[in-house]
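Got the structure open in your viewer? Let's walk through it together, one selection at a time.

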Amino acid sequence: MSEELNRDRRSILASTLMTIAAGGMATIGSARAQIFSVKGRMPSLDGATGWLNSPALTVAGLRGKVVLVEFWTYSCINWLRTLPYVRAWAEKYKDRGLVVIGVHTPEFEFEKKIENIRWAMKDMRIDYPIAVDNDYAVWRAFRNNSWPAFYFVDAKGNIRHQRNGEGEYDLSERAIQKLLSEAGASGIGRDLVSVDGRGVEAAADWGNLRSPENYVGYERTQNFSSPGGVLPEKRRVYAAPARLSLNHWALSGDWTVGKQATMLNRANGRIACRFHARDLHLVMGPAVRGYSVRFRILIDGQAPRAARGGDVDEQGNGTVIEQRMYQLIRQPKPIAARQVEIEFLDSGVEAFSFTFG
């Protein structure tokens with residue numbers, strides 16, 4: 001959510017509380033009415049390079065509908081954790097006049113491939129319209145700056161609410177309900193959806209999350225700890241220190257560190273990372289489509305067992321098949337700082353970023 005809107009909400013709610021304290025009749029409902037005031041007009045969708053699950057949609061053609069525009073990219077953990085709510089809203093309100101549009105704007109090059117987006121849609125059970133925004137034209141039209149981001153548009157084409165990032169799901173659904181009621185939909189009610197996010201869609205353990213996202217390509221990486229540092233775009237044999245500082249990472253084996261991703265040239269290379277979070281994920285995939293790469297993970301030198309993520313077994317074994325985010329660790333409480341090593345038994349894997357939850 002923008003800082004300007006946050007200031008507006010704080011001002012409105014403070015004024016409301018002062019009025020209540022003075023014996024007035026102001027309500028949180030009237031505060032919400034101001035929160036959902038017009039923020040601007042819905043920009044064009046014409047810059048989309050393609051559409052999935054639907055013919056091309058236009059602003060004019062959507063007039064009379066309430067529209068939720070969400071910006072996403074399929075390997076983004078922050079978006080994945082919002083998906084249960086978006087799916088639920090799309091299903092609950094589709095017959096009441098809500099149109100959900102997912103604008104897929106890629107972060108990594110592999111997310112531009114239409115076959116990858118189609119796979120992700122099927123795997124993630126997404127059946128609402130998707131605008132493919134490979135050129136960032138729709139992103140720029142909305143002046144968007146994050147994944148995920150949500151724009152709530154009324155039946156007249158006005159943006160009435162915006163949310164950047166995770167959270168505030170109740171407020172977002174109230175916005176949908178209000179805009180549908182304004183448009184004349186009946187039977188909207190006040191009940192809110194109840195979701196049970198599983199696997200990578202589960203809400204983060206925010207109280208124990210002390211590790212930020214970190215990229216594995218040289219353009220945006222931080223805290224790389226292999227002796228000698230990164231040699232960009234050149235094949236090199238790296239070594240890892242025995243112990244890493246918190247939120248540092250290292251390579252061992254024969255790797256080429258590229259701008260977005262780091263590729264393993266010879267089998268049995270490793271990536272090590274020290275983190276503090278319930279979940280550890282790695283965005284990765286085979287460099288060649290149709291190829292698979294076996295891997296195994298160790299946490300503090302041991303098989304993960306109860307701390308295994310959804311993409312590995314208790315012994316830490318897994319296989320990289322698609323280009324996507326893999327959940328490697330989901331440790332039970334108590335959550336502690338741990339060191340994980342991912343050993344790739346085959347060459348040809350590309351690693352893009354660590355994310356946590």
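Are Phe275 and Phe356 buried or exposed? Select them and look: both are buried. Before going further, keep in mind that this is a predicted model.

**Stop 1: aromatic pairs**

Searching the whole structure turns up 21 aromatic pairs. The two rings you just selected, Phe275 and Phe356, make up one that is stacked, with 5.9 Å from centre to centre and 20° between the planes. This pair ties together distant parts of the chain: Phe275 belongs to strand β12 (residues 269-275) and Phe356 to strand β18 (residues 349-356), 81 residues apart.

Now pick Phe295 and Phe344. Their rings form a tilted pair, 6.2 Å centre to centre and with 50° between the planes. Here too, distant parts of the chain are linked, since you'll find Phe295 in strand β14 (residues 293-299) and Phe344 in strand β17 (residues 338-344), 49 residues apart. Phe295 and Phe344 are both buried.

**Stop 2: strand β17 and its partners**

Stay with β17 and colour the whole strand. It is mostly covered, with five of its seven residues buried. Which way do β12 and β17 pair? They are antiparallel, and seven bridges connect them. To see a spot where they meet, select Arg274, which stands opposite Gln339 in β17.

Next, show β14 again. It is joined to β17 by five bridges, and these two strands also run antiparallel. Try Arg296 this time: its bridge partner in β17 is Glu343. If you're wondering what holds such neighbours together, strands of a sheet pair through backbone hydrogen bonds, either parallel or antiparallel.

**Stop 3: an open sheet**

Move over to the strands β1 to β7. They form an open sheet of seven strands with mixed pairing, in the order β1-β7-β6-β3-β4-β5-β2. Look at the edges, where β1 (40-41) and β2 (50-52) stand: each has a single partner strand, so one side of each is left without a neighbour in the sheet.

How many bridges join β2 to strand β5? There are three, and β2 and β5 (residues 130-132) run antiparallel. Click on Leu52 and you'll find Ile130 of β5 opposite.

**Stop 4: helices on the sheet**

Show helix α4 (residues 83-93). This helix lies across β3 (66-72), β4 (98-104) and β6 (149-153), and runs at about 150° to β4. Then add helix α7 (residues 169-182), which packs on the sheet and touches β3, β4, β6 and β7 (158-164). The direction of α7 makes about 170° with that of β7.

Here's a quick check you can do yourself on α7. Its 14 residues, at 1.5 Å a residue, should span 20 Å, and the end C-alpha atoms are 20 Å apart, which agrees. The helix is mostly covered, as ten of its 14 residues are buried. Among them are Tyr169, Leu171, Ile176, Leu179 and Leu180. Just past α7, click on Gly184, which takes a positive phi of about 95°.

**Stop 5: back to the rings**

Select Phe71, Tyr136, Trp139, Phe142, Trp147 and Tyr151 together: they form one aromatic cluster.

What lies over the face of Tyr215? Show Arg220 and you have it, 3.8 Å from the ring centre. For one last selection, show Tyr326 with Arg324, which lies over the ring face at 3.8 Å from the centre.

Key: Residues numbered from 1 in each chain as written. Predicted model: local features only at pLDDT ≥ 70, side-chain atom pairs only at ≥ 80, totals over all residues. Heavy atoms only, no water. Phe/Tyr/Trp six-rings, centres within 6.5 Å; stacked < 30°, edge-to-face > 60°. Helix = DSSP H or I, 4+ residues; strand = E, 2+ residues; numbered from the N terminus. Buried < 20%, exposed > 50% of the residue type's maximum accessible area, 1.4 Å probe, protein only. Lys NZ or Arg CZ within 6 Å of the ring centre and 35° of its normal. Pairing = 2+ DSSP bridges. Contact = heavy atoms within 4.5 Å. Axes fitted to C-alpha atoms, helices over the stretch in contact; angles between N-to-C directions. Expected span 1.5 Å × (residues − 1).
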